[in-house]
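Here's a quick briefing to read alongside the model. Have the sequence and the 3D view open as you go.

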Amino acid sequence: MNALAATSRNFRQAARILGLDSKLEKSLLIPFREIKVECTIPKDDGTLASYVGFRVQHDNARGPMKGGIRYHHEVDPDEVNALAQLMTWKTAVADIPYGGAKGGIGCSPSELSKSELERLTRVFTQKIHDLIGIHTDVPAPDMGTNAQTMAWILDEYSKFHGHSPAVVTGKPIDLGGSLGREAATGRGVIYATKSLLAEHGKSISGSTFVIQGFGNVGSWAARILHEEGGKVIAIGDITGAIKNPNGIDIPALIKHRSEGGAVKDFKGADPLDKDELLVHECDVLIPSALGGVLNRNNAANVKAKYIVEAANHPTDPEADEIFAKKGIPVLPDIYANAGGVTVSYFEWVQNIQGFMWDEEKVNMELHKYMRSAFNNIKAMCKTHDCNLRMGAFTLGVNRVARATLLRGWEA
């Protein structure tokens, strides 16, 4: 089941539990605005090339729209729609004053030079500058984009609107980026995991963890677990997987990786079959790579006691049903990986105030937001007698629906 179908299905289930009016339900699903623009740039060899850029702005009932911009050769409108919608519910679950958006350009960033990427980013910004803004829509990095891309958008936007650091988040620190932003998603995953374990009388130290994916989120999550006395007993990425029942030495693995080594060649652990990783015995399984990795083919064999979704949509609905029968709690992506957008919100706040925080304050505020969201999800689970995923979806959808009704949506 693809991301759009799964998100819409979860939304409809939440709407049913909440007893939403069918007209309101339909209105909440339709995006506020979809933008599609042509971006033509001169390539380095003097020829012209055209790319299609777009932005889906899903909902702004609770505040400016927020979401990433991806540069990828198959930017699928359906998927972008799903991700924009997911951002609407995610920001509502985290209780930050935003709605959802998503966008991108259909291009292969690896095949473009740095100066071509810069020209493309600037042309895209020229085409959409009057449709984004500090109080309208605030983009951020996503697949194939980074802090440098945000710096170009900021510079181009400021030519039209004056110095506006709050128009994008995920910027370089020197241009108003926030401390703690790089580690934010991984750190948020750990705060979420702590809340879940505490609920069952457990803690990170003394628990065992398996992590799929060793990119930004997976490596930060592993690093923080290691610091707090958790045992990461298996890790895998696209190159392969490794295990060590006594716990992998994470700082050594990160050093090995930074020197250009592959995860699977790390000396301090034994090789593990990639397919075995997700069904490896552990207390907590953290998928932090691709979507759809837990499905009906492997869900029955999963031996973890808890699953924390650091990736977007790693669990198919069929796997969800199997986990429910087995009594494995799944902490949903819409809450578990909201640390990134929460610290993006902190960055936006700091830019608007013109007053920057130290990293300790960023992490302390993030902890507060993640803990409070967990308690609110648990309250929804209790009220509606549902699992954690529906607890999160009903919480998010209910907040957006209430804001929409209060604003007078039929007028």
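For the residue classes used below, Ala, Val, Leu, Ile, Met, Phe, Trp, Tyr, Cys and Pro count as nonpolar, Asp, Glu, Lys and Arg as charged, and the others, Gly among them, as polar. Keep in mind that this is a predicted model. The protein splits into domain 1 (30-164) and domain 2 (183-335), and there's an open sheet of 5 strands to look at, plus a pocket and a cavity.

**Domains**
- The centres of domain 1 and domain 2, taken over C-alpha atoms, sit 30 Å apart.
- Where the two touch, domain 1 puts in 4 residues and domain 2 puts in 4 residues.

**The sheet**
- Reading across the open sheet, the strand order is S1-S2-S4-S3-S5, and the pairing is mixed.
- Strand S1 (33-42) and strand S5 (137-141) are the edge strands, each pairing on one side only.
- On average, neighbouring strands of this sheet are turned by 20° against each other, direction ignored.
- Strand S3 (residues 65-72) and strand S4 (residues 99-106) run parallel and are joined by 6 bridges.
- If you want a residue pair to click on, Lys66 has Gly100 in S4 as its bridge partner.

**Helices on the sheet**
- Helix H3 (residues 77-94) lies across S1, strand S2 (48-57), S3 and S4, and runs at about 150° to S4.
- Helix H4 (residues 114-128) also packs on the sheet, where H4 touches S1, S2, S3 and S4. The direction of H4 makes about 140° with that of S1.

**The second largest pocket**
- This pocket has a volume of about 230 Å³.
- Its lining takes in 15 residues, and Ile328, Pro329, Val330, Asn387 and Leu388 are the ones nearest its centre.
- Helix H10 (317-326), helix H13 (359-384) and helix H14 (388-407) each give at least two residues to that lining. H10 gives the most, with 3 residues.
- Sorted by class, the pocket lining comes out as 9 nonpolar, 3 polar and 3 charged residues.

**The cavity**
- Searching the whole structure turns up 1 cavity of 30 Å³ or more.
- The largest cavity holds about 30 Å³ of space.
- Its lining is made up of Val93, Ala94, Tyr335, Ala338, Thr342, Tyr369, Met370 and Ala373.
- H3 and H13 are the elements that give two or more residues to this lining, and H13 has the largest share, with 3 residues.
- By class, the cavity lining has 7 nonpolar residues, 1 polar and no charged ones.

How values were computed
Residues are numbered from 1 along each chain as its sequence is written. This is a predicted model: local features need pLDDT of at least 70, side-chain atom pairs count only at pLDDT 80 or more; totals for chains, interfaces and linings use all residues. Side-chain values use heavy atoms; hydrogens and water are left out. Two strands pair if DSSP finds at least two bridges between them. Helices (H or I, at least four residues) and strands (E, at least two) are DSSP runs, numbered from the N terminus. Axes are lines fitted to C-alpha atoms, for helices over the stretch in contact, and angles run from 0 to 180 degrees between N-to-C directions. Contact means heavy atoms within 4.5 Å. On a 1 Å grid over the protein atoms alone, a cavity is a set of points where a 1.4 Å probe fits but cannot get out, and a pocket is an open set with protein on both sides within 12 Å along at least five of seven lines; lining residues have an atom within 4 Å of a point. Grid points are joined across faces, edges and corners, and a volume is the space filled by probe spheres set on the points. Domain bounds come from an automatic or database domain assignment.
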